[in-house]
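User: I should like to learn how to read the features of a protein model. May we go through one together, step by step?

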Amino acid sequence: MGERRLLLKARQRRQIRQLTLLLGSCLALFCLVFVWRTPSDDDYGDINRPPSMRVSPYVPRPALPSEVLENLSLGEGECEATFPGLTKEIDDAVAQGPFKVKQTGDLGPLQGRIKDGKIYIIHAQRKADLSKEMVNSRSAALHQLHRALVTSPTPLPDTVFTLNFQDQPFGTAWTYSRPAVLAHAPTDPNSRTFLMPHFSFWAWKLPFVGSMGRGAKAITALEREYEGAGRWNHKIPKAIWRGTTWFNSIHSPRLRQHLVAAAKGQAWADVQPLQWKGDNASNALPIEEFCRYKYVLHTEGVSYSGRFQFVQMCASVVITPPMHWMQHTTHLVRPLFSSSLDLSTSGRSKNSKGSGRWDARKSKSHAKTARGRPTAAAAAASSWEPSERIRKAWPMQYSPEEANIVFVAPDWSDLGDTIAWLEANPRIAEGIGRRQRDLFVGGGYFSPAAEACYWRALVRGWAKMARIDGEGWEDTEDTSFEAFTLTNGD
């Protein structure tokens with residue numbers, strides 16, 4: 001009996017040893033496959049940072065399914081739930097109250113009627129009086145509106161509308177952009193600006209850009225090359241820009257010349273003025289190729305830039321001076337101001353362990369006073385301070401772990417220092433770029449579904465406040481949209 005008990009204990013000890021060896025082997029295998037890897041420079045930087053300065057790898061948000069993003073017939077409630085905040089520009093315009101829709105005649109913007117879900121053209125400039133680009137944008141906008149009407153799951157209100165298809169906003173109309181801050185209050189109490197989606201959501205006859213649909217497909221295919229852990233760092237570590245240097249806004253008359261000067265001879269820059277030959281440019285790049293670069297430089301034109309929404313589909317860091325013009329989704333950007341960062345020589349040194357890193361103490365909650373002005377410490381560490389106009393246009397500033405765009409000095413004077421800071425903080429840079437693409441592409445704000453939702457909200461918002469009585473609209477003749485598209489104003 002005692003011998004049997006000893007044999008049993010020996011067997012149990014042997015089984016415990018075998019189980020221990022098995023668990024140890026499993027643990028070693030797990031560490032080998034899932035934990036062990038060659039440390040990167042960024043890892044060493046994280047080790048040398050105190051806990052308040054460490055940045056976690058960016059975790060992407062789940063994208064909406066394609067059956068939602070391609071659905072042109074979402075109801076009003078579904079639109080609001082799927083794309084929260086999409087219609088802020090419309091809501092703000094509606095909040096200004098009722099207004100009269102006055103007739104402009106055939107020399108003013110296009111004016112039309114929506115009745116029983118159909119479009120009728122009342123006033124339109126002759127095709128011969130417009131440039132090819134204006135004719136194309138007018139035609140595209142009408143097709144966008146028509147698509148939103150015929151796919152609506154519920155009837156939309158009848159109304160009379162004014163559609164301004166030119167770059168500069170004026171009068172009371174649907175238009176592509178508005179000033180971020182008005183220089184002075186409008187003298188006309190009926191003046192209203194309702195933003196509409198850019199015509200490229202239908203088509204753009206620019207050979208290296210094309211429609212939003214084409215661009216989105218090409219950019220998605222390219223961005224797949226950079227998905228997965230560590231793949232973002234395979235993007236070209238430069239800042240890319242192509243553009244026409246003389247095409248500037250009145251708010252920044254030398255914006256593009258200053259950019260070319262700041263980037264000249266810099267190793268971090270791939271900045272070139274376009275060399276035009278007829279309707280094409282010899283050094284132009286397909287819009288999707290911009291997404292191969294870590295940093296994409298954005299410049300506004302005479303007013304807005306139609307390419308902005310294309311580069312927002314990149315998982316790259318868009319860098320721009322604070323913007324003066326708002327498009328229908330510009331309010332969704334979350335800027336990180338370079339003025340809130342420590343861009344001093346020691347702070348941007350990539351080779352110094354623990355330096356060139358974002359300190360939580362310099363985030364918007366610590367570097368700004370309650371009135372939104374930089375503290376003395378933050379201002380001393382920066383080469384510029386946002387003006388009163390900029391603070392009014394962009395009252396919210398975001399931390400590096402919240403931002404989806406970077407604002408630099410209006411004259412680009414700290415561009416090189418900002419790129420050096422981002423290079424020294426690769427996790428932050430990647431997070432900014434991926435956060436942008438996750439919102440506008442994954443979140444669907446540039447999708448066909450969101451565009452249709454926005455157009456229908458635009459019709460509802462305008463019709464709610466537009467007053468047409470006593471303006472002679474009942475006596476005007478009109479042409480059906482279908483008939484108008486055959487001649488486009490000839």
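User: How many of the residues of helix 14 are buried?

Analyst: The model is a predicted one, and every value we discuss is computed from it. A residue counts as buried when its relative accessible area is under 20%. In helix 14, which spans residues 426-442, 16 of the 17 residues are buried, so the helix is mostly covered. Just after helix 14 comes Gly444, with a positive phi near 85°.

User: What share of the chain counts as buried, and how many helices and strands are there?

Analyst: Of the 490 residues, 50% count as buried. The secondary structure consists of 16 helices and 18 strands. One may also ask how far apart in sequence the contacting residues lie. Among contacts with a separation of 6 or more, 75% are between residues 24 or more positions apart.

User: How many salt bridges are there, and at what distance do Glu451 and Arg147 meet?

Analyst: A salt bridge is recognised when a side-chain nitrogen of Lys or Arg is within 4 Å of a carboxyl oxygen of Asp or Glu. By this rule there are 15 salt bridges. One of them joins the side chains of Glu451 and Arg147, at 2.8 Å from N to O. Because Glu451 belongs to helix 15 (residues 448-465) and Arg147 to helix 6 (residues 132-150), this pair ties together parts 304 residues apart in sequence. Glu451 is buried, with a relative accessible area of 5%, whereas Arg147 is partly exposed at 24%.

User: At what angle do helix 6 and helix 15 pack, and which residues meet?

Analyst: To describe packing, one compares the directions of the two axes and the distance between them. Helix 6 and helix 15 pack at an angle of about 90°, and their axes are 9 Å apart. Helix 6 is therefore roughly perpendicular to helix 15. On the side of helix 6, the residues that meet the partner are Ala141, Gln144, Leu145, Arg147 and Ala148. On the side of helix 15, they are Glu451, Ala452, Trp455, Arg456 and Val459. As general background, an α-helix has 3.6 residues a turn, so residues three or four places apart point the same way. The salt bridge already discussed, between Glu451 and Arg147, joins two residues from these lists.

User: Which residue forms a salt bridge with Asp270, and is Asp270 buried or exposed?

Analyst: The partner of Asp270 is Arg242, with the closest N and O atoms 3.1 Å apart. Asp270 lies in strand 9 (residues 269-273) and Arg242 in strand 8, so the bridge ties together parts 28 residues apart in sequence. Asp270 is buried, with a relative accessible area of 15%, and Arg242 also counts as buried, at 6%. Salt bridges may also form a network, as they do among Glu225, Glu289 and Arg292.

User: Where do Glu223 and Lys235 lie, and over which ring does Lys235 lie?

Analyst: Glu223 and Lys235 meet through their side chains in a salt bridge of 2.9 Å, N to O. Glu223 is in helix 7 (residues 212-223), and Lys235 is in the loop between helix 7 and strand 8 (236-243), twelve residues apart. Both Glu223 and Lys235 are buried. Lys235 also lies over the face of Tyr226, 5.4 Å from the ring centre.

User: How are the rings of Tyr176 and Phe199 arranged?

Analyst: Aromatic pairs are described by the distance between ring centres and the angle between ring planes. The chain has 17 aromatic pairs. For Tyr176 and Phe199, the centres are 5.7 Å apart and the planes are at 70°, so the pair is edge-to-face. Both Tyr176 and Phe199 are buried. Trp394 and Phe407 form another edge-to-face pair, at 5.2 Å centre to centre and 75° between the planes. Ring pairs also link Phe99, Phe161, Trp174, Phe194, Trp455 and Trp462 into a cluster.

User: What is the phi of Asp116, and where is Asp116 placed?

Analyst: Most residues other than glycine have a negative phi. Asp116 has a positive phi of about 55°, although it is not a glycine. Asp116 is in the loop between strand 2 (110-115) and strand 3 (118-123), and it is exposed, with a relative accessible area of 62%. Asn488, in the segment after helix 16 (481-487), likewise has a positive phi, near 55°. Asn488 is buried, at 12% relative accessible area.

Methods. Residues are numbered from 1 along each chain as its sequence is written. This is a predicted model: local features need pLDDT of at least 70, side-chain atom pairs count only at pLDDT 80 or more; totals for chains, interfaces and linings use all residues. Side-chain values use heavy atoms; hydrogens and water are left out. Helices (H or I, at least four residues) and strands (E, at least two) are DSSP runs, numbered from the N terminus. Buried means under 20% relative accessible area, exposed over 50%, partly exposed in between (1.4 Å probe, protein chains only). Rings of Phe, Tyr and Trp (its six-membered ring) pair if their centres lie within 6.5 Å; planes under 30 degrees apart count as stacked, over 60 as edge-to-face and the rest as tilted. A charge sits over a ring if NZ of Lys or CZ of Arg is within 6 Å of the ring centre and within 35 degrees of the ring normal. Axes are lines fitted to C-alpha atoms, for helices over the stretch in contact, and angles run from 0 to 180 degrees between N-to-C directions. Angles under 35 degrees count as roughly parallel, over 145 as roughly antiparallel, 65 to 115 as roughly perpendicular and the rest as oblique. Contact means heavy atoms within 4.5 Å.
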